[in-house]
Every structure is written in C-alpha cells, then in structure tokens.
Amino acid sequence: MCISIENNESPICTDCGGACCKSYAGAYHPNDFGHEITEEFLESLFKPVSTIPQVSIDWYVNFNGVNRKGFFLRPRHVGGDIVDPSYGEVCTNLTGHGCTLDWDHRPWQCKLLVPNISYACGDPDVDVKYEAAVAWDKYHDLLDKMYKKYDKGTFTGHKPGTFEAHILSIAQSLRQEEK
Ligand code: SF4
Ligand code: SF4
C-alpha cells in the first residue's frame, strides 16, 4: 500500500526528527528487492559492497504459536550484526537529514507509517514483526540456514519480547485515555 504523505518527508517528520527510525528499522517485504530471493542474493545483502544498505535477520519469536522463529529482513541497526533479534535501536539509514534511501527504496513497513502529530504513526492493532514474518515465511528454510550460519547470540536494543510488551502497554494506556 502506498500513502500520499511520505514518512520522513512530511513537515511532521521534520519536527519529529525520526522517532520511528530511532526506535526500530522498518522491515523489508521480499518484493522490495525486485530480485529473486536466493542464497546468493541474501549473502550479498550482508556485505558492505552491496548497493542496498546492509540488512539484518530478525524474527518473530513464537510464529503462529508453533514455537519457531518467523524470520524476516530489515535494515541494520547501529551496532547490529547479520543476526540481530532486537527491538528498539536506531536504523543505520537515518541521518540528521532523514532517511538516506529514496522513497522507492525504503522498506515496506517504513512506507506504511502515516506521519502523525503525536508521533504515534503505526497502527497499534498491527504487530509489525508478525506481519513481516508472514511476508517472509516462504523463505523460512533459506533464512534459517543463514541464521544458523551467522548467529553469534548477540542483539542490539531490547531483548525480543520486552519492547513489544512495552509498546502494547503504551497503546492500551492511550486507548484508555481516549475513552
Ligand atoms: S513517521 Fe511518525 S515517528 Fe516517523 S518520523 Fe514521521 S512523525 Fe516521526
Ligand atoms: S530505512 Fe529509512 S525510513 Fe526506514 S527506519 Fe531506516 S531511516 Fe527510517
């Protein structure tokens, strides 16, 4: 879905300074790359020489309730590695002048945000990590192979689960205030 107001290019975003990008990098959709998702292509995304800024493998923890990871890709976080199950860090594509990527090359989930004066720009009823895992599920075996190859047991930001719970509690408080 494309929206008319562009994240990080609206005056609201200028005033905000990129709160979204400072808290988590938006997930890519497989279609964002315009390239077949192969092992060779994924390997190229992990290298600094790629024309696409480096990405990380992240995941939804208990995907579809079957206690397996729901992998997806997103831009690298500051200090992040190839495997980085974080929630709550700064996207490496963010500069003092906004995102280094032009609109057409931004991740799917970055483009879904609708700039809002309250800076709460995502849909509180949408679990972004889950939606990303659904989009990437057909590549699970390939991403699992990459995960096993590159996992160092490190992460940036919050441990998986803790930040989601924090955001959920904020959303619930806001809804209570609106009543
Ligand atoms: S989309 Fe929202 S949180 Fe992100 S920069 Fe714009 S106003 Fe800030
Ligand atoms: S890719 Fe750009 S818009 Fe998306 S989180 Fe990073 S800096 Fe923000």
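Leaving aside neighbours within four places in sequence, His77 is in contact with ten residues named here in full: Ala25, Ser56, Asp84, Ser86, Glu89, Val90, Cys91, Thr92, Thr156 and Gly157. The structure is a predicted model, and His77 serves as the point of entry to it.

His77 is found in the loop between E2 and strand E3 (94–95). His77 is buried, because 22 other C-beta atoms lie within 10 Å and the threshold for burial is 20 or more. One of its contacts, Glu89, is twelve residues away in sequence, yet the two C-alpha atoms are 6.0 Å apart in space.

**Overall architecture**

The chain contains seven helices and four strands. Read from the N terminus, its elements follow the order α-α-α-β-β-β-β-α-α-α-α. Of its 179 residues, 31% count as buried. Among contacts with a separation of 6 or more, 69% are between residues 24 or more positions apart.

**Strands E1 and E2**

Strands E1 and E2 run antiparallel and are joined by six bridges. Within this pairing, Trp59 has Phe71 in E2 as its bridge partner. Six of the six residues of E2 are buried, so this strand is largely enclosed by the rest of the structure.

**Helix H5**

Helix H5 covers residues 128–136, and its buried residues are Val128, Lys129, Ala132, Ala133, Ala135 and Trp136. Viewed down the axis of H5, these buried residues fall within an arc of 160 degrees, so they line one face of the helix. An α-helix has 3.6 residues a turn, so residues three or four places apart point the same way. The buried residues of H5 pack against strand E1 (55–60) and strand E2 (70–75), and also against helix H4 (108–112) and helix H6 (140–150).

**Surroundings of the two ligands**

Ligand 1 is surrounded by 13 residues, of which the closest are Cys13, Cys16, Ala19, Cys20 and Cys121. Helix H1 (11–16) and helix H2 (19–23) each supply at least two residues of this shell. The largest share, three residues, comes from H1. By character, the shell around ligand 1 divides into nine nonpolar, four polar and no charged residues.

Ligand 2 is surrounded by 14 residues, and the closest are Cys21, Cys91, Leu94, Cys99 and Cys110. The shell around ligand 2 comprises nine nonpolar, four polar and one charged residue. Cys91 also appears among the contacts of His77.

**Residues with positive phi**

Asn64 and Tyr119 each have a positive phi value in a residue other than glycine. Their values and settings are set out below.

| Residue | Phi | Location | Other C-beta atoms within 10 Å |
|---|---|---|---|
| Asn64 | near 55 degrees | loop between E1 and E2 | 12 C-beta atoms |
| Tyr119 | near 65 degrees | loop between H4 and H5 | 14 C-beta atoms |

Asn64 is exposed, because 12 other C-beta atoms lie within 10 Å and a residue with 12 or fewer is classed as exposed. Tyr119, with 14 such atoms, is partly exposed. The loop that holds Asn64 links E1 to E2, the two strands joined by six bridges. The loop that holds Tyr119 lies between H4 and H5, and H4 is one of the elements against which the buried residues of H5 pack.

Notes:
Residues numbered from 1 in each chain as written. Chains lettered and ligands numbered in written order. Predicted model: local features only at pLDDT ≥ 70, side-chain atom pairs only at ≥ 80, totals over all residues. Near = placed C-beta within 6 Å. Nonpolar A, V, L, I, M, F, W, Y, C, P; charged D, E, K, R; others polar. Arc of directions from axis to C-beta. Contact = placed C-beta atoms within 7 Å. Pairing = 2+ DSSP bridges.
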